[in-house]
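Colleague: I am new to this structure and would be glad of some company while I look around. Could you take me slowly through a single part, the nonpolar core and what surrounds it?

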Amino acid sequence: MGELRPLGEDLTQESRALAQALRELFEGLDVSVRRYAARHSRDPGTFSRYLNGTRLPP
């Protein structure tokens with residue numbers, strides 16, 4: 001997985017915890033966000049926002 005930007009200081013505790021957990025999972029998958037999104041027919045921008053903590057999944 002490519003390098004992600006550091007998490008922002010303004011994140012809620014819930015957003016930060018989710019983003020950190022997702023980052024750990026993606027590191028274990030050894031796949032890029034774009035490739036993962038393409039395999040699951042999803043928008044890579046959505047996954048990037050989850051990984052940056054700026055959006056929570058529904």
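**The core and its surroundings**

Modeller: Happy to! The largest nonpolar core is made up of 7 residues: L22, F26, V33, A37, F47, Y50 and L51. Helices α1, α2 (33-39) and α3 (44-52) each supply at least two of these residues, and α3 gives the most, with 3. Please keep in mind that this is a predicted model.

Let us begin with α3. Its buried residues are T46, F47, Y50, L51 and N52. What lies over them? The cover for the buried residues of α3 includes α1 and α2.

F47 is a good place to see that cover. Leaving aside residues up to four places away in sequence, F47 touches V33, Y36, A37 and R42. Of these neighbours, V33 and A37 are themselves listed in the core. F47 counts as buried because its relative accessible area is 16%, and buried means under 20%.

Now for the aromatic rings. A pair of rings is described by the distance between the centres and the angle between the planes. There are 3 aromatic pairs in the count for this model. In one of them, F26 and Y36 have ring centres 5.0 Å apart and planes at 70 degrees, so this pair is edge-to-face. The pair links distant parts of the chain, with F26 in helix α1 and Y36 in helix α2, 10 residues apart. F26 is buried at 6% relative accessibility, whereas Y36 is partly exposed, with a relative accessible area of 23%. Y36 also forms an edge-to-face pair with F47, at 5.2 Å centre to centre and 85 degrees between the planes. Here too distant parts of the chain are linked: Y36 belongs to helix α2 and F47 to helix α3, 11 residues apart. So where does Y50 come in? F26, Y36, F47 and Y50 form one aromatic cluster.

Next, follow α3 to its end, where you will find N52. This residue is buried, with a relative accessible area of 18%. Apart from residues up to four places away in sequence, N52 touches R5, L7, L11, A19 and R23. With one of these, R23, the side chain of N52 makes a polar contact of 3.2 Å. Just after α3, G53 takes a positive phi of about 80 degrees.

R23 deserves a pause of its own. You will find R23 in helix α1 (residues 13-29). Which side chain of opposite charge is nearest to R23? That is E27, 7.1 Å away; R23 is buried yet has no salt bridge. The cut-off for a salt bridge is a nitrogen-to-oxygen distance within 4 Å, so the distance from R23 to E27 falls outside it. What R23 does have is a link to α3 residues: its side chain reaches the backbone oxygen of L51 at 2.8 Å, besides the polar contact with the side chain of N52. L51 is also one of the core residues, so if you trace this contact you come back to where we started.

How many salt bridges does the structure hold? There is 1. Side chains of opposite charge can pair when their charged atoms come close. In this case D43 pairs with R49, and the closest N and O atoms are 3.7 Å apart. D43 is partly exposed, with a relative accessible area of 42%, and R49 is likewise partly exposed, at 35% relative accessibility. R23, by contrast, is buried.

To finish, have a look at the loops between the helices. Most residues other than glycine have a negative phi. Which way does D30 go? Phi of D30 is positive, near 55 degrees, although the residue is not glycine. D30 sits in the loop between α1 and α2 and is exposed, with a relative accessible area of 61%. In the loop between α2 and α3 you will meet S41. Phi of S41 is also positive, at about 50 degrees, and S41 is not a glycine either. S41 is exposed as well, with a relative accessible area of 64%.

If you would like one thing to trace on screen, start at F47 and visit V33, Y36, A37 and R42, which F47 touches. Then move along α3 to N52 and across to R23 through their side-chain contact of 3.2 Å.

Conventions: Residues numbered from 1 in each chain as written. Heavy atoms only, no water. Helix = DSSP H or I, 4+ residues; strand = E, 2+ residues; numbered from the N terminus. Buried < 20%, exposed > 50% of the residue type's maximum accessible area, 1.4 Å probe, protein only. Lys, Arg positive; Asp, Glu negative; His and termini not counted. Polar contact = N/O pair within 3.5 Å; in protein donor to acceptor, adjacent residues only side chain to side chain. Core = buried A, V, L, I, M, F, W, Y, C linked by side-chain atoms within 4.5 Å. Contact = heavy atoms within 4.5 Å. Phe/Tyr/Trp six-rings, centres within 6.5 Å; stacked < 30°, edge-to-face > 60°.
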